[in-house]
Amino acid sequence: MCGIVGYLGNNDCIENIKQGLLNVEYRGYDSAGISYIDGNKIVVQKRVGNVQNLFDTITCPDGIHCGIGHTRWATHGEVCEKNAHPHLSFNNKFSLVHNGIIENYAMLRDNVLSEIPFRTDVDTESIVNMVAYINQEKPEMPIVNCLGESLKSLQGSYAIAMIAKETPDVIYFARKESPLLIGVADGETFISSDILGLGKNCEKYVVVPNGVYGVIATDGIKAYKQGGKPYELEFKSMISLGERADKGDNAHFMQKEINEIPAVIVNTIDIYLKPLNPLTIIEPSFWEGIERIEFIACGTSYHASMVGAMFAEDNAHKVARTHFASEFVYNPPFVDEHTLCVFVSQSGETADTLHAVKVAKEKGAKTLGVTNVMTSNLVHVCDHTLPICAGVEVAVASTKAYNAQVTVLLLLADFLRDGNYETIARRISSEAMTLNLEEMWANAKKFVKKISNSRSIYFVGRHMDYITCLESSLKLKEISYIPCEAYAAGELKHGTIALVEEGTTMLAIVTEPKLISKTLNIVEQAKARGATLIYYTSLNLKDFAVKDKDVMRAPVVDVELSPLFSIIPMQMVAYLVSVGKGYNPDRPRNLAKSVTVE
Ligand code: F6R
């Protein structure tokens, strides 16, 4: 949530900030802004709307070599130009961008900074005003120390980049919890919330550790730990970013990412089949003495975790449960050193999930992350992490990462049973290679009109199909804005069937032969009460008086692997409905890709 970018170097700063912001725009697109020093004045330009809109509507001088930029997902204060970042200090000497939340900003504004005029409703303004205030009170103090002093008064989370009028070719930075990375190339330094926001030609990068702040200048980077002790940043060679932010021939990232699913699954399996792989490099003692497994996640990752828990219980014969991370922190189950807590997160930056890791660790649990971003916070806080190898996922609605998460969790379930997951790995890979995506797109297209015209949709299914219902419903609602809910089919008769009337669309998912009659019985009851039915199945329903025109075909795969593959046409339907309604599926309203606030 919120992307920040900064550039200092020999090339065009404005162009570099623009490219960086476009690459981190998935983190929020309520407003965008840029700040740099022109002559002896700090310039701030910002607009409501996305990054392209900002650069289409502003002009910047040539020859700027240092600046900062921001793309916002609003937390404090409405979406308007005034509240957009960067924020200027009261005396116009500092300009600052921020990702995170300052929990005590009102207290700072009303106490220490009570004499200072505030111009916005945004928590960030308290940071920049605090720096300016300390600088005014102690003019002899270097600005980087003023920043260090200011941080002592902040409660909450932050990734900060700041410029100061007095020091034109310098960017100040600080990080606590919210992600922040620095990248270096020949004669250039970049700073960003995400590795994607660093320049394409970066040779090295570092994830700024928690509690570190510092200064980027033309003669190098200096970093400090809280308290002012110098800190040596350890740069690593840049990882390959070949496919970043490039839609190829696809109209949207979401379409591209759905089309990548078979390759993502096969690549993930290939990595886990290597003799030295993310599972086998973990020391054997980590896996010893595990009595129960708790899967903890949010949103789509929660649904992947449900599949993981179901298989871990069935295959590894351990008690396995799934928890919303946001609930786990307030109502944790019994957790001790015999508990394996598995945290599943595409971004590895979800605040609810990171908070849950802290709670689990305090109780002595073993912690295992499962993530797509190996530079993320999750990797730092968990004992071990399994990568899902999905490649960069840009569309806000998660698709290929879900399939990759389910893949890794299926392997994990068998690994926890007896260490042998090769059989399932090879089965998954060979099914993935036979998927016919073109046929799936064509099938999905046939149902777009019916779904688009629905006032509301109920997805119903049992057992594994219920999890597919949950994820299908989430996908459709978040990008088409059609009210959708998922219900366990057997639960309908216990209350929800009261909602069924003429105009209700019910989408029944049936991929397990043993569940056909039970699921169809219940949806027939809904049909008798006026519901329009769509059957989504890989099975033959002819014996159940189901008409072909009402059947959307699910891929025919090994039943046990149904959750991994039967979601794909549903992801396609969500995409097509969204596009058909004229929305941008990559940028759904009110959402951001990485939810770094609780
Ligand atoms: C839905 C979606 C979200 C995320 C959730 C958790 O398409 O993407 O529900 O799954 O915000 O995010 P991660 O997996 O990054 O922790």
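This passage describes an internal cavity, a ligand site and several individual residues in a predicted model.

The search for enclosed space covered the whole structure and returned 1 cavity of 30 Å³ or more. The largest cavity holds about 60 Å³ of space. Its lining is formed by 14 residues, of which Cys2, Thr75, His85, Gly100 and Asp123 are the closest to the centre. Strand S4, spanning residues 66-72, and strand S6, spanning residues 94-102, each contribute at least two residues to this lining. The largest share belongs to S6, which provides 3 residues. By residue class, the lining of the largest cavity comprises 4 nonpolar, 8 polar and 2 charged residues.

One of the residues closest to the cavity centre, His85, also takes part in a cis peptide bond, which runs from His85 to Pro86 and has an omega near -5°. Pro86 belongs to the loop that connects S4 with strand S5 (87-88). As a general matter, most peptide bonds are trans.

Thr120 is placed in the loop between helix H3 (105-110) and helix H4 (124-137). With a relative accessible area of 13%, Thr120 falls under the 20% limit and is therefore classed as buried. The side chain of Thr120 has two polar partners among the residues that follow in the sequence: a polar atom of this side chain lies 3.0 Å from the backbone nitrogen of Val122, and a polar contact of 2.7 Å joins the side chains of Thr120 and Glu125. When residues up to four places away in sequence are set aside, Thr120 touches Lys82, Asn83, His87 and Glu125.

The ligand is surrounded by 14 residues, and those that come nearest are Ser301, Ser345, Ser347, Thr350 and Glu478. Several polar atoms of the protein lie at short listed distances from ligand oxygen atoms. A polar side-chain atom of Glu478 is 2.5 Å from an oxygen atom of the ligand, and an N or O atom in the side chain of Lys475 is 2.8 Å from a ligand oxygen. Ser398 approaches through its backbone, with a polar backbone atom 2.9 Å from an oxygen atom of the ligand.

Ser398 is also among the residues touched by Lys593, a residue in the segment after helix H19 (567-580). Lys593 has a relative accessible area of 12%, under the 20% limit, and so counts as buried. Beyond residues up to four places away in sequence, Lys593 touches Tyr26, Arg27, Gln346, Glu393, Val394, Ala395, Val396, Ala397 and Ser398. Lys593 and Ile293 are separated by 300 residues in sequence, and their C-alpha atoms lie 27 Å apart.

Ser345, one of the residues nearest the ligand, is 49 residues from Ile296 in sequence, while the C-alpha atoms of the two residues are 9.0 Å apart. Ile296 is part of strand S16, which covers residues 292-297. The relative accessible area of Ile296 is 0%, and this residue is therefore buried. Apart from neighbours within four places in sequence, Ile296 is in contact with His323, Ala325, Phe328, Cys341, Val342, Phe343, Val344, Thr353 and Ala356.

Ser480 is located in helix H16, which comprises residues 463-480. Ser480 is buried because its relative accessible area, 2%, is under 20%. A polar atom of the Ser480 side chain lies 2.6 Å from the backbone oxygen of Leu476. Contacts of Ser480 with residues over four places away in sequence involve Val577, Lys581 and Tyr583.

The chain continues from H16 into a loop that leads to strand S22 (484-488), and Tyr481 is found in this loop. The phi of Tyr481 is near 65°, a positive value in a residue other than glycine. Glu177 likewise has a positive phi, near 70°, and is not a glycine. In general, most residues other than glycine have a negative phi. Glu177 is situated in the loop between strand S8 (167-176) and strand S9 (181-185). At 41% relative accessibility, Glu177 lies between the limits of 20% and 50% and is therefore partly exposed.

Technical notes. Residues are numbered from 1 along each chain as its sequence is written. This is a predicted model: local features need pLDDT of at least 70, side-chain atom pairs count only at pLDDT 80 or more; totals for chains, interfaces and linings use all residues. Side-chain values use heavy atoms; hydrogens and water are left out. On a 1 Å grid over the protein atoms alone, a cavity is a set of points where a 1.4 Å probe fits but cannot get out, and a pocket is an open set with protein on both sides within 12 Å along at least five of seven lines; lining residues have an atom within 4 Å of a point. Grid points are joined across faces, edges and corners, and a volume is the space filled by probe spheres set on the points. Helices (H or I, at least four residues) and strands (E, at least two) are DSSP runs, numbered from the N terminus. Ala, Val, Leu, Ile, Met, Phe, Trp, Tyr, Cys and Pro count as nonpolar, Asp, Glu, Lys and Arg as charged, and the others, Gly among them, as polar. Buried means under 20% relative accessible area, exposed over 50%, partly exposed in between (1.4 Å probe, protein chains only). A polar contact is a pair of N or O atoms within 3.5 Å; within protein, one must be able to donate a hydrogen and the other to accept it, and residues adjacent in sequence count only if both atoms are side-chain atoms. Contact means heavy atoms within 4.5 Å. A residue is near a molecule or strand if one of its heavy atoms lies within 4 Å of it.
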